[in-house]
Structure formats: C-alpha cells, structure tokens
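Hi,

Here's the structure I said I'd pass on. Have a look at it first, and then read on for my notes.

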Amino acid sequence: MSNVATKAKKPNLSVKSVLNWILDHAMIIVIVLLALYVQTQRDAFLKPASLINIISLTAARLPMALGVAGCIILAGTDLTGGRVAGLTAFVAAILLQRADVANRVLVLLLVMLIGACVGLINGFVMAKFKVHPYIITLAMQMIVYGIYLTVSNSVQVGSFDSSYTTSFVTKPLFQIQTGVRPNGTAIFTVVPMYVLLALIVTALMWVVWNKTAFGKNMFAVGSNEEAARVSGVNVMMTIIGVFMVAGALYGYTGFIEAARMGSSTATLGLNYEADAISAAVIGGVSFVGGTGRISGVVLGVFMMQLIIAGMTFLGISGNVTYIVKGAVILFAVILDMRKYMTRK
C-alpha cells in the first residue's frame with residue numbers, strides 16, 4: 001500500500017513536459033539570460049539606481065500596455081496608442097503651462113475623454129461593420145497623427161507649470177540611497193509620483209478584469225464571440241467598452257509622458273503601441289483571444305524595459321533597437337501560436 005501511495009504522489013514529470021514548460025516561458029527565460037549577460041558586461045546594470053529607473057519607465061508605459069492588452073484579449077489589436085498619447089500630451093501641454101490643482105485634474109479627465117472618443121470609433125467600426133481591428137486602428141492612427149500635426153503645426157511645447165510636473169507627475173514619492181560619493185556623501189535615487197499613480201491604475205484595471213461583469217464579458221467575447229452572444233452578452237457594447245477604456249489609458253499615458261519628458265513633440269508616442277503590444281504578448285496575453293492576466297502584463301512591461309535598458313547599457317545603436325523590438329514581437333507571437341496549437 002505504501003509503495004502504491006508513494007508512486008501516486010510522484011509528480012508526473014517527463015522530458016516532454018519540461019520542454020513544453022521551457023518553450024511556454026522561453027521569452028522570459030531569454031530576456032533574463034540577456035539581462036544576466038548585460039550584468040556581466042556592465043556592473044551597474046542591476047544595481048539599485050538602474051533598477052529604480054527601469055521600474056519608473058515600467059510605470060510610465062504600463063497603462064498603455066494594460067489598454068492594448070484588453071484589445072488583444074478580444075482577439076484584436078490597437079495601433080492608435082502611440083499617436084493618441086502624442087495628441088493628448090500636446091493638449092495637456094497647452095492647457096497646463098499655467099495650472100492649479102483643480103485644472104490639472106480636469107485636464108487629465110479631458111485627455112482621457114479624447115482617448116476614449118478615439119476608442120469609441122475603433123470599437124464601433126469593429127463591432128458594427130466587422131472591420132478587422134488592424135485596419136480600423138491603422139486608419140485611426142493616421143487620422144489622429146494628422147489631427148495632431150494640423151493643430152500643433154509640429155511646434156514643440158514646453159515650459160510647463162511646476163504644478164503639473166515637479167509638484168504632481170514627477171514629484172518625488174520617496175528617495176532610496178543607491179550609493180556613496182568619493183567625498184562620503186550619500187547618493188539618492190528618486191521614485192517619482194507617477195509610479196504610485198501607475199499602481200493605482202493597475203489595481204483598478206485588475207478589479208475591472210477580474211471582479212466586474214464587464215471584465216467577464218471581455219474574456220467571454222475574446223474566447224468565443226458567438227457563444228458569448230448566445231449567452232446574453234452584449235458583444236457590441238463590450239467591444240466598444242474595451243476600446244474606450246484602452247483609449248482613455250492612452251490619454252492618461254500622454255498626460256504623464258508630457259510631464260515626464262518635459263515637453264510635447266511630434267515624436268512623442270512614436271512606436272509606443274509596438275512596445276505595449278510586445279509587453280502584453282510577453283506577459284502571456286494571447287492573440288488568439290480570451291487569455292491574459294494583469295500580473296502578466298506588468299511582468300511583460302518590466303521585461304520590455306529591461307531589454308531596452310540593457311541595450312542602452314551596452315551602447316547598442318538606437319537603429320538596432322528597432323530590429324530587436326521587431327524580433328521580440330515575432331518571437332513572442334510564434335510562441336503564443338505554438339501554445340495555441342498545442343492546446344488544440
């Protein structure tokens with residue numbers, strides 16, 4: 001009896017199951033190995049000051065990734081994120097050159113509303129006319145960028161009021177000692193306020209995804225649209241809602257990025273959506289639809305920023321960065337499809 005019980009308790013491990021686990025997590029494993037390699041070449045890479053900088057960049061890019069992840073869960077995508085962030089950054093920059101506490105909150109709500117309006121168009125056209133999300137969001141990407149160039153005349157906007165930047169978005173949340181100067185004085189690295197704001201946004205999105213009927217409907221539509229419709233889910237409103245939430249998060253990103261960068265330029269937001277999509281897929285959000293977790297998106301964004309920081313530390317050209325990002329997207333999608341085919 002004891003021998004039978006012992007055999008029953010043994011984990012069902014095999015070479016195939018181990019190999020499948022490795023392949024399922026291959027993207028994260030490769031990134032961790034690359035990070036360790038960079039550390040062997042540059043001692044400062046994984047030191048506290050560098051890690052705090054990576055975490056801060058993760059916080060800045062996380063809301064956009066959370067937005068596009070919802071669109072991917074619907075078995076779609078959204079290419080408007082970067083340009084919406086650029087447009088809303090310009091709007092925030094214009095309105096908050098002079099600001100008080102009340103105004104900056106209203107401006108934040110305004111730019112999120114602008115983003116939500118873009119998402120409304122994306123979601124409505126996709127749901128009503130069955131246009132592929134790649135096509136509609138590509139078209140809206142160009143339209144939004146054209147609107148931005150028209151209203152801004154490609155002029156850089158800066159000189160923000162401190163109530164928008166150093167007293168709000170980039171205000172020091174707390175400081176961590178990360179070194180000591182030769183003269184014995186301590187070196188402190190600041191953790192900015194927008195890290196806390198990103199945590200709040202992430203917590204809210206976790207609640208939306210996991211504790212609301214809207215979140216359950218989103219996963220149902222992504223898994224099987226027809227089955228969801230038969231079950232009584234309002235598919236059109238769910239799709240529109242997901243894209244509107246995504247657009248609002250893009251607007252929030254633009255508000256944060258303008259203050260973080262200290263200006264609004266025509267290049268702000270360029271390729272942000274590519275980074276966000278890469279991060280979401282790295283974090284396990286499947287293009288097949290119906291699969292994704294908030295924790296995975298957070299991990300994916302962190303890993304993406306780890307790659308970018310590692311290339312910077314190694315002095316790799318910005319041109320090569322595009323090659324690496326493209327390869328990451330391609331590799332992540334291949335792994336995602338492999339998991340889907342394995343499940344089938």
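Which ring does the charged end of Arg104 sit over? The ring is that of Phe168, with the charged end 4.3 Å from its centre. Before you go further, bear in mind that this is a predicted model.

Phe168 also turns up in a group of rings: ring pairs join it with Phe160, Tyr164 and Phe255 in a cluster. There's another charge-over-ring case to look at, with Arg61 lying over the face of Tyr272, 3.7 Å from the ring centre. Keep both of those residues in mind, as they come back with the pockets.

On to the aromatic pairs, of which the count comes to eight. Phe124 and Phe129 make an edge-to-face pair, because their planes are at 85°, with the ring centres 6.0 Å apart. Phe124 is partly exposed, at a relative accessible area of 35%, while Phe129 is exposed, at 54%.

Tyr145 and Tyr148 are another pair, and here the planes are at 15° and the centres 6.4 Å apart, so this one is stacked. Both tyrosines belong to helix α7 (residues 133–152), and since they are three residues apart there, about one helical turn separates them. Is each of them buried or exposed? Tyr145 is partly exposed, with a relative accessible area of 27%, whereas Tyr148 is buried, with just 2%.

Now the pockets. The largest one holds about 520 Å³ of space. Its lining runs to 25 residues, and the ones nearest the centre are Arg61, Tyr272, Asp275, Ile308 and Lys325. So the Arg61 and Tyr272 that meet charge over ring are both among the residues nearest the centre of this pocket.

Which helices build that lining? At least two residues come from each of α4 (48–73), α12 (235–261), α13 (272–282), α14 (294–313) and α15 (318–343). α14 has the largest share, with six residues. By type, the lining splits into eleven nonpolar, ten polar and four charged residues.

The second largest pocket has about 420 Å³ of space. It is lined by 21 residues, with Asp24, Ile282, Gly283, Gly284 and Lys339 lying nearest the centre. Two or more lining residues come from each of α3 (26–41), α13, α14 and α15. This time α15 gives the most, with five residues. The lining here divides into eight nonpolar, eight polar and five charged residues.

If you flip between the two pockets in your viewer, note that α13, α14 and α15 each give at least two residues to the lining of the largest pocket and two or more to that of the second largest.

Last, a closer look at α4. Where does this helix bend? The bend, of about 40°, is at Arg61, and a proline, Pro63, follows within four residues. That is the Arg61 that lies over the face of Tyr272. α4 is largely enclosed by the rest of the structure, because 20 of its 26 residues are buried. Just after the helix, Ala75 takes a positive phi of about 65°.

If you open just one view, I'd centre it on Arg61: the bend in α4, the ring of Tyr272 and the largest pocket can be followed from there.

Cheers

Key. Residues are numbered from 1 along each chain as its sequence is written. This is a predicted model: local features need pLDDT of at least 70, side-chain atom pairs count only at pLDDT 80 or more; totals for chains, interfaces and linings use all residues. Side-chain values use heavy atoms; hydrogens and water are left out. Rings of Phe, Tyr and Trp (its six-membered ring) pair if their centres lie within 6.5 Å; planes under 30 degrees apart count as stacked, over 60 as edge-to-face and the rest as tilted. Buried means under 20% relative accessible area, exposed over 50%, partly exposed in between (1.4 Å probe, protein chains only). A charge sits over a ring if NZ of Lys or CZ of Arg is within 6 Å of the ring centre and within 35 degrees of the ring normal. On a 1 Å grid over the protein atoms alone, a cavity is a set of points where a 1.4 Å probe fits but cannot get out, and a pocket is an open set with protein on both sides within 12 Å along at least five of seven lines; lining residues have an atom within 4 Å of a point. Grid points are joined across faces, edges and corners, and a volume is the space filled by probe spheres set on the points. Ala, Val, Leu, Ile, Met, Phe, Trp, Tyr, Cys and Pro count as nonpolar, Asp, Glu, Lys and Arg as charged, and the others, Gly among them, as polar. The bend at a residue is the angle between axes fitted to the seven residues ending there and the seven starting there.
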